[in-house]
Amino acid sequence: QVQLEESGGGLVQAGGSLRLSCRVSGRAGENYILGWFRQAPGQERVVAASINWSSGHTWYVDSVKGRFTISRDNAKDTIYLQMNSLKPEDTAIYYCAARGFEGSHYPYWGQGTQVTVSS
């Protein structure tokens with residue numbers, strides 16, 4: 001059973017930076033996709049970035065390209081989301097999620113961490 005625990009959210013001014021962390025435990029092997037999702041008030045939860053734990057291949061939604069960087073540290077079983085040049089529209093609860101290589105459903109979720117960007 002994969003377990004995920006996020007940390008690193010907070011309040012930051014527009015233009016600032018934050019780094020989110022997600023500690024991954026209970027995984028069997030490296031054939032996982034880890035994703036950072038976000039849910040703004042009144043909106044659906046959407047994926048912002050993802051990383052293939054095995055290959056390191058990354059993907060970003062257009063709205064965060066060039067500003068956010070997803071990475072992994074195998075030794076620490078942790079993935080990160082470095083968020084730079086933050087905008088008020090980045091305000092959301094950020095969730096770490098994991099799935100296997102087959103399909104697109106993410107069965108494993110963290111509890112979420114709040115990111116608030118003030119203008």
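## Glycine 35 and the disulfide

Author: Let us start at glycine 35 in this predicted model. Leaving aside residues up to four places away in sequence, glycine 35 touches Ala49, Ser50, Tyr95, Cys96, Ala97 and Tyr106.

Reader: What makes these residues count as touching glycine 35?

Author: Contact means heavy atoms within 4.5 Å, and Ala49, Ser50, Tyr95, Cys96, Ala97 and Tyr106 are the residues that glycine 35 touches, not counting residues up to four places away in sequence. Glycine 35 itself has its place in strand S4, residues 32-39.

Reader: Why is glycine 35 called buried?

Author: Buried means under 20% relative accessible area. Glycine 35 has 0%, so the word buried applies. Across the protein, buried residues make up 42% of the 119 residues.

Reader: One of the contacts of glycine 35 is Cys96. How do you know that cysteine 96 is in a disulfide?

Author: The rule asks for a pair of cysteine sulfur atoms within 2.5 Å. Cysteine 22 and cysteine 96 have an S to S distance of 2.1 Å, so they are joined as a disulfide. By this rule the count for the protein is 1 disulfide.

Reader: Why is the disulfide of cysteine 22 and cysteine 96 called left-handed?

Author: The torsion about its S-S bond is about -80 degrees, and therefore the disulfide is left-handed. Cysteine 22 lies in strand S3 (residues 18-25) and cysteine 96 in strand S9 (residues 92-100), so the pair ties together parts that are 74 residues apart in sequence.

Reader: Are the two cysteines buried or exposed?

Author: Cysteine 22 has a relative accessible area of 0%, and cysteine 96 has a relative accessible area of 0%. With the cut-off for buried at under 20%, cysteine 22 is buried, and cysteine 96 is buried too.

Reader: Let us step back to the whole chain. What is its secondary structure?

Author: The protein has 0 helices and 11 strands, which along the sequence gives the pattern β-β-β-β-β-β-β-β-β-β-β. Among contacts with a separation of 6 or more, 54% are between residues 24 or more positions apart.

Reader: Why does the radius of gyration agree with a compact globule?

Author: For 119 residues, a compact globule would have a radius of gyration near 14 Å; the protein has 13 Å, so the value agrees. Along the principal axes, the C-alpha atoms fill a box of roughly 40 × 30 × 25 Å.

Definitions and conventions. Residues are numbered from 1 along each chain as its sequence is written. This is a predicted model: local features need pLDDT of at least 70, side-chain atom pairs count only at pLDDT 80 or more; totals for chains, interfaces and linings use all residues. Side-chain values use heavy atoms; hydrogens and water are left out. Helices (H or I, at least four residues) and strands (E, at least two) are DSSP runs, numbered from the N terminus. The radius of gyration is taken over C-alpha atoms; the globule rule is 2.2 Å times the number of residues to the power 0.38. Buried means under 20% relative accessible area, exposed over 50%, partly exposed in between (1.4 Å probe, protein chains only).
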